[in-house]
Amino acid sequence: MKQFTILLPLIFAAMLMGFNETESQKNQTANAILGDISFVHKFGHRPNQTTDNTLRIKTHLEYVENLLRQKDVSRLPLAQQQQRVQLLDLLHGYREKGIFPKNHDYINQRKPCFIDKDGNICAVGYLIEKTAGREAAEKINRQYQYEELLAMQDEGIDNWVSTSGLTKEECAMIQPTYGPFVYEEGNYIKPSYGITSSVFSGLNVSLGTINMVQIGRGAKSKAVPIVGLITGAGQIVLGATNMPKSIFKFGLNYTNETQKKLSMFNIGVGAANMILSAWNLIANRTPKNKKMAWNIYSYPAVGNNMGLAVGFTRKL
């Protein structure tokens, strides 16, 4: 049981690392409302962690500009219709210049950024700057630098939107996200899940090897197979609880294929070690002392015949 005592703290530590994931999932798409549908529409596939960030932003702005130009706005007053066209023309020029802000403060998360530390302004901020002045844009930035537009509760923003010919939802559709990212539906494995999987895999592969040796040699120790059953079950639970679900979003099914493969690997390794551990327990269990035994034997009978007899013995 000494082996069991040593391994038990490691088992619980690994389980806690895998199941105590408190950080919420990050939104890694180019826009909070439209997601990455612009990129899929143009290129036929989703972006991943190697996709150029500027390309994603330009693709999104091109898509949303065309989408807004196609919308029927004949019900709007003429002044707002004209203002809307002017803003979309400004948006077109902004996209062509290709000078976008950077997210300097959120290392693993795409975020909107109104004006970055270098003075580069976002798409909606640029429209406000060109129609209401730079000071108006900087005032918004001081309070809402990394905020999504729909979450900005500001009278100045609402007043500007009311005369722009755009709705606040349409402005939010324009607002891109910026900065470093890891595309969670592509090839991202959370560090805690990766480390926990490595710990469990190392334990179960080692215990599985020991189980096979003990099965061959007929070892009588039950410590290794008992620990193997626990760690095997733990890795199965780890894989099952971290199996990613397919998410239907913007007309597409998103699945983290890399995490899915790791989860299936965890389930497979855990199951294999549980089978070996159970086999070890069964194959090398101590036989019970039999108090009663019976046997069938033959004996010579009359006329050169053979007879059969059944014998019983009982230990007292």
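## Q175 and the salt bridges

Leaving aside residues up to four places away in sequence, Q175 is in contact with A30, N31, H60, P112, V124, E147, E148, L149 and M152. Keep in mind that this is a predicted model. Beyond Q175, the charged pairs are worth a look: the structure has twelve salt bridges, and three of them are picked apart below, along with a network of shared partners.

**Where Q175 sits**

- Look for Q175 in the loop that runs between helix 8 (168-174) and helix 9 (191-217).
- Its relative accessibility is just 6%, so Q175 counts as buried, given that the cut-off for buried is under 20%.

**K42 and E62**

- K42 and E62 pair up through their side chains in a salt bridge, at 3.1 Å from N to O.
- This one links distant parts of the chain, with K42 in helix 2 (residues 37-43) and E62 in helix 3 (residues 53-69), 20 residues apart.
- Both ends are partly exposed: K42 has a relative accessibility of 47%, and E62 comes in at 27%.

**K71 and E170**

- Here the side chains of K71 and E170 form a salt bridge with an N to O distance of 2.8 Å.
- K71 belongs to the loop between helix 3 and helix 4 (78-97) while E170 is part of helix 8, so this pair ties together parts that lie 99 residues apart in sequence.
- What about burial? K71 is partly exposed, at 37% relative accessible area, whereas E170 is buried, at 4% relative accessibility.

**D158 and K168**

- Another salt bridge brings together the side chains of D158 and K168, again with the N to O distance given: 3.1 Å.
- D158 is in helix 7 (residues 155-164) and K168 is in helix 8, so the pair ties together parts that are ten residues apart in sequence.
- D158 counts as partly exposed, with 32% relative accessibility, but K168 is buried, at 16% relative accessible area.

**A network of shared partners**

- Which residues get joined into one network by salt bridges that share partners? They are E65, R69, D89, R95 and E96.

**Helix 8 as a thread**

- Helix 8 turns up in two of these stories: E170 in helix 8 pairs with K71, and K168 in helix 8 pairs with D158.
- Q175 ties in here too, as its loop runs between helix 8 and helix 9.

Notes: Residues are numbered from 1 along each chain as its sequence is written. This is a predicted model: local features need pLDDT of at least 70, side-chain atom pairs count only at pLDDT 80 or more; totals for chains, interfaces and linings use all residues. Side-chain values use heavy atoms; hydrogens and water are left out. Helices (H or I, at least four residues) and strands (E, at least two) are DSSP runs, numbered from the N terminus. Buried means under 20% relative accessible area, exposed over 50%, partly exposed in between (1.4 Å probe, protein chains only). Contact means heavy atoms within 4.5 Å. A salt bridge is a side-chain nitrogen of Lys or Arg within 4 Å of a carboxyl oxygen of Asp or Glu.
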